[in-house]
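Subject: Structure for you to look at

Hi,

Here is the structure I promised to pass on. Have a look at it first, and then read my notes underneath.

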Amino acid sequence: MINGILNIYKKPGFTSHDVVAKLRGIVRQKKIGHTGTLDPDAEGVLPVCLGKATRLCSLLTEESKTYEAVLLLGVSTDTQDTSGQVLSRRPVTCSEAEVIRCLEGFLGPQMQIPPMYSALKRDGKKLYELARQGVEVAREPRPVHFYEITVLETALPRITFRVSCSRGTYIRTLCHDAGEKLGCGGCMERLVRTRVGNFVRERAYTLEQVENLVREGRLSECLLPVDGVFAELPAFSVLPEGDAAAHNGNPLDAELLVPGTGGEKKPVCGSSPETGERQPESADACRMAGAEQFRLYDSDGTFVGLYGWAGRTARPVKMFYDGPQGQ
């Protein structure tokens with residue numbers, strides 16, 4: 001089984017489900033999942049998890065995201081983007097400076113009402129299914145957070161901007177809400193997702209590129225190992241006498257842990273000469289420095305999972321070890 005994460009660049013016209021279905025055929029493996037829906041008309045970064053990496057889907061869904069979008073002022077639609085039915089057309093009388101101030105006014109924590117044309121469910125039915133039947137239901141506002149909103153280009157009635165935000169944020173709704181605040185209405189004309197967590201557009205692969213790499217036996221060149229998602233966390237391995245406990249997901253005393261990923265204590269002042277990773281001096285030093293979580297490897301260097309501290313005891317947060325047959 002193939003285990004890891006592919007940073008896919010989804011093209012317009014494909015649903016996230018389409019991407020997963022095509023990848024199953026390309027890599028000939030069923031156990032694949034995506035990390036959050038990207039609208040069919042949108043394009044950009046869509047991390048896809050294979051094998052045991054599917055346990056990461058919920059974690060990656062929680063990551064912040066960055067988009068580049070085009071706001072079209074003067075037009076309101078039922079889907080809040082240009083793919084929908086036009087509800088109104090109004091003259092755009094605001095200035096570029098007013099538009100910029102309006103968008104910047106959304107920075108920080110906000111309450112956002114999700115659109116009817118969304119995959120959220122009400123009584124077991126997706127909202128977009130109800131919307132297609134002409135049914136509109138009340139939606140509760142949800143907390144979202146806009147970390148950055150930067151206008152990249154102004155050519156009224158179009159505004160191109162970059163936005164970084166929390167999970168569950170609808171950029172279509174941001175465009176709609178900005179248009180309403182400006183008094184002329186607005187909708188989203190284009191959307192590109194450029195980042196999900198540490199996955200960025202510059203290092204994403206199209207389905208065609210992945211297919212070519214598979215054909216050439218070079219899939220590993222674009223496949224991020226499961227532990228690569230946690231590369232910024234400290235790394236420890238257990239001493240051989242702690243392997244069985246680690247493999248079973250048992251708590252581990254700090255005395256059983258040593259810095260690094262190979263089961264041998266290394267010089268750890270500064271960065272590891274092998275990987276460039278900065279390592280703590282000891283498990284206790286890591287704990288005392290406030291590092292709440294870390295990567296754990298067995299004495300052979302096999303990734304076991306994500307662990308966290310409870311006093312001097314390390315406890316599993318997320319396990320990825322499946323035994324020799326799962327490697």
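Five elements each give at least two residues to the lining of the largest pocket: helix 1 (16–27), strand 4 (65–73), helix 4 (127–132), helix 5 (171–182) and strand 12 (186–196). This is a predicted model, so read everything below in that light. The pocket holds about 1,000 Å³ of space. It has 34 lining residues, and those closest to the centre are Thr37, Leu38, Asp39, Ala119 and Tyr170. Sorted by class, the lining comes out at 11 nonpolar, 13 polar and 10 charged residues.

The second largest pocket has about 540 Å³. Here 24 residues form the lining, with Asn198, Phe199, Leu224, Gly228 and Val229 closest to the centre. Strand 1, helix 2 (57–61), strand 13 (199–200) and strand 20 (313–319) are the elements that put two or more residues into this lining. Its classes split into 15 nonpolar, five polar and four charged residues.

Now for the enclosed spaces. The count of cavities of 30 Å³ or more is two, and the largest of them contains about 60 Å³. Its lining is made of Tyr9, Lys10, Lys11, Phe14, Val19, Thr206, Leu207 and Glu208. Strand 1 (4–10) and helix 6 (207–215) each bring at least two of those residues. By class that is four nonpolar, one polar and three charged.

Back to strand 4, which lines the largest pocket. How many of its residues are buried? Eight of the nine are, so far as strand 4 goes, and the strand is mostly covered. Strand 4 has an antiparallel neighbour in strand 11 (residues 158–165), joined to it by eight bridges, and another in strand 12, joined by nine. Two pairs to look up: Leu71 has Ile159 as its bridge partner in strand 11, while Leu73 sits opposite Gly186 in strand 12.

A few backbone details are worth checking on screen. Most residues other than glycine have a negative phi, and most peptide bonds are trans. Against that background:

- The Leu156 to Pro157 peptide bond is cis, with omega near 15°. Pro157 belongs to the loop between strand 10 (142–155) and strand 11.
- Arg28 is not a glycine, yet has a positive phi of about 55°. You will find Arg28 in the loop between helix 1 and strand 2 (32–34).
- Gln80, also a residue other than glycine, has a positive phi near 70°. Its place is the loop between strand 5 (75–77) and strand 6 (86–89).

Are these two residues with positive phi buried or exposed? Arg28 counts as exposed because its relative accessibility is 78%, over the 50% cut-off. Gln80 counts as buried because its relative accessibility is 9%, under the 20% cut-off.

Finally, the overall numbers. The chain has eight helices and 20 strands. Of its 327 residues, 47% are buried. Taking contacts between residues at least 6 apart in sequence, 65% join residues at least 24 apart. The accessible surface adds up to about 16,000 Å², and carbon and sulfur atoms account for 49% of it.

Cheers

Methods
Residues numbered from 1 in each chain as written. Predicted model: local features only at pLDDT ≥ 70, side-chain atom pairs only at ≥ 80, totals over all residues. Heavy atoms only, no water. Helix = DSSP H or I, 4+ residues; strand = E, 2+ residues; numbered from the N terminus. Buried < 20%, exposed > 50% of the residue type's maximum accessible area, 1.4 Å probe, protein only. Contact = heavy atoms within 4.5 Å. Areas by Shrake-Rupley, 256 points an atom, 1.4 Å probe, with all protein chains shown as cover. 1 Å grid on protein atoms, 1.4 Å probe; cavity = no way out; pocket = protein on both sides within 12 Å on 5 of 7 lines; lining within 4 Å. Points joined across faces, edges and corners; volume = space filled by probe spheres on them. Nonpolar A, V, L, I, M, F, W, Y, C, P; charged D, E, K, R; others polar. Pairing = 2+ DSSP bridges.
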